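User: I should like to learn how a charged surface patch is read from a model. Please begin with the general idea and then turn to the case at hand.

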Amino acid sequence: MPRQRWAELSVISLFVLSAFPSPPPQCTNGHLMCAGCFIHLLADARLKEEQATCPNCRCEISKSLCCRNLAVEKAVSELPSECGFCMRQFPRSLPGETPERRMVTQCKYKRIGCPWQGPYHELTVHEAECTHPTKTGNELMEILDEMDQTHKREMQLYNSIFGLLSFEKIGYTEVQFRPYRTDDFITRLYYETPRFTVLNQTWVLKARVNDSERNPNLSCKRTLSFQLILKSKVSAPMECSFLLLKGPYDDVKINPVIYHFAFSNENNETEYMPLPIIDSVECNKLLAAKNINLRLFIFQIQK
């Protein structure tokens, strides 16, 4: 390939990589990929029970095999970054906050439901044209009712968690989901933790991908659901509230959701419940990891 063509492709690659904030990894042969594609490749390999490979040269890739390219990182850091609101370009190397972050602002009519946000220099024009001040009372009441409902749900979750913290019997632990395969003809990926003890009882957590659909690797949408199982024998039914949160060293985004179940010797496992991760990108982060590390809280309800 002509030297000029290589130079053009190198420039294009740098601009593509500059759109991603994470350092771009490279395989052992020097091929670069963005952090998002790298995580997606690792997640797909986990689902297909294969070794992840570089899309260019097919050499093995993993978090331990891939390395950073400081020259590329330096070049990317010097490229301008485009603001998502005003489309202007700013240097990345400015100290402190980036200009586009400082410029983003919200409409003064946000309190009555205006969702607009954008660069500061467009604020005056937007507020002069904002339709929310001219809406009828009925229209504003509908918007405010929806905002009140959202706030009410957030407060209910906050009060529920705050109430659980007042319980006498509270236990939590770090749990590690390890990947396994079923014995079916077409194997399916599932996760299970080693047995652990909370509230003087022995428990196990299981998790599955996309509700154990046949080929989750062919789906762009990735979800995880989990099941809590009581392994100990109890003398009386044990009513509990519990929730899973991210571990202390992970950056995955999980919304807190409280689940309830009454455990007994005859009914010792919950149904599979969705792990409330934000989206498929966050799910790929978990699947790409060697093990999934989360934190489990259990609150025993006293009668």
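Analyst: The dialogue below goes from the whole chain to one patch. This is a predicted model, in which local features need pLDDT of at least 70, side-chain atom pairs count only at pLDDT 80 or more, and totals for chains, interfaces and linings use all residues. Residues are numbered from 1 along each chain as its sequence is written, and side-chain values use heavy atoms, with hydrogens and water left out.

User: How many helices and strands are in the protein chain?

Analyst: Helices (H or I, at least four residues) and strands (E, at least two) are DSSP runs, numbered from the N terminus. The protein chain has seven helices and 15 strands. Of its 303 residues, 36% are buried, that is, under 20% relative accessible area with a 1.4 Å probe, protein chains only.

User: Which residues gather in a patch of negative charge on the surface?

Analyst: A patch joins like charges within 9 Å, from residues with over 30% relative accessible area and no salt bridge; a salt bridge is a side-chain nitrogen of Lys or Arg within 4 Å of a carboxyl oxygen of Asp or Glu. Asp and Glu count as negative, and the charge is placed at CG of Asp or CD of Glu. Here the negative patch consists of E139, E142, D145 and D148.

User: Why does D145 count as partly exposed?

Analyst: Exposed means over 50% relative accessible area, and partly exposed lies between the buried and exposed limits. D145 is partly exposed because its relative accessibility is 40%, whereas E142, at 58%, is exposed. D145 belongs to helix α6 (residues 137–164), and E142 also lies in helix α6.

Key:
Patch = residues over 30% accessible without salt bridge, like charges linked within 9 Å, V, L, I, M, F, W, Y side chains within 5 Å. Areas by Shrake-Rupley, 256 points an atom, 1.4 Å probe, with all protein chains shown as cover.
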